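Dear colleague,

I am passing on a structure that you have not worked with before, and I would be glad if you would look it over alongside the notes below.

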Amino acid sequence: MSKRETYEQKTEALLMPLIEQHQFELVDVEYVKEGGSWYLRAYIDKPGGITIDDCELVSRALSDLLDENDFIEDAYILEVSSPGLGRPLKKDKDFARSIGERVEIRTFRPQNRQKEFTGILKDYDKNTVTIEMENGETVQFARADLALIRLAFDF
């Protein structure tokens with residue numbers, strides 16, 4: 001397991017009791033390097049949406065827990081935020097919640113000479129995702145081929 005994965009898993013384990021106590025949902029934890037700085041990000045949600053006060057509450061508590069446990073070697077910036085409208089579907093619970101919803105898919109390599117698809121999420125399992133295109137055609141993708149899948153929004 002990589003250092004990044006270890007940090008993400010340990011952070012998630014620290015967060016879960018706090019998340020459950022406040023009846024939030026932990027959408028994702030990521031440890032990434034951007035512009036020369038490391039970022040530890042936690043994305044949280046709840047029915048009706050997350051507020052800035054919710055983010056502040058979790059950020060302060062998580063910061064204290066991280067200081068106590070001190071398992072991250074590098075200097076990093078902690079961010080706690082809402083996943084936003086266009087959040088990617090990553091976990092099975094994300095896919096289950098989105099069955100019947102319109103999704104946008106981007107693939108790593110072209111399929112039928114295109115890399116972007118939009119359709120209704122019909123089914124998923126650990127290896128595949130199936131959508132129904134606007135023309136009624138059903139298309140199945142290997143999850144390993146997906147660069148991104150998220151809810152599609154028309155503005």
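The notes that follow deal with a sheet and then with the nonpolar cores. Please keep in mind throughout that this is a predicted model.

To begin with the sheet, five strands form an open arrangement in the order S7-S6-S5-S4-S8, and their pairing is antiparallel. Strand S7, covering 138-142, and strand S8, covering 146-151, stand at the edges and have a single partner strand each, so one side of each is left without a neighbour in the sheet. Direction ignored, neighbouring strands of this sheet are turned against each other by 40 degrees on average. Within the sheet, strand S4 (residues 102-111) runs antiparallel to strand S5 (residues 114-124), and the two are joined by 6 bridges; Arg106 stands opposite Glu116 in S5.

Turning to the cores, the largest nonpolar one has 20 residues, and those with the most contacts inside it are Leu15, Ile44, Val58, Leu66, Ile72 and Val80. At least two residues of this core come from each of helix H1 (3-21), strand S1 (25-34), strand S2 (37-45) and helix H2 (52-69), with H1 giving the most, namely 5 residues. If residues up to four places away in sequence are not counted, Ile72 touches Tyr7, Tyr31, Leu40 and Leu66. Apart from this core lies another, of 13 residues, which include Val103, Ile105, Val129 and Val139.

With best regards

Technical notes. Residues numbered from 1 in each chain as written. Predicted model: local features only at pLDDT ≥ 70, side-chain atom pairs only at ≥ 80, totals over all residues. Heavy atoms only, no water. Pairing = 2+ DSSP bridges. Helix = DSSP H or I, 4+ residues; strand = E, 2+ residues; numbered from the N terminus. Axes fitted to C-alpha atoms, helices over the stretch in contact; angles between N-to-C directions. Core = buried A, V, L, I, M, F, W, Y, C linked by side-chain atoms within 4.5 Å. Buried < 20%, exposed > 50% of the residue type's maximum accessible area, 1.4 Å probe, protein only. Contact = heavy atoms within 4.5 Å.
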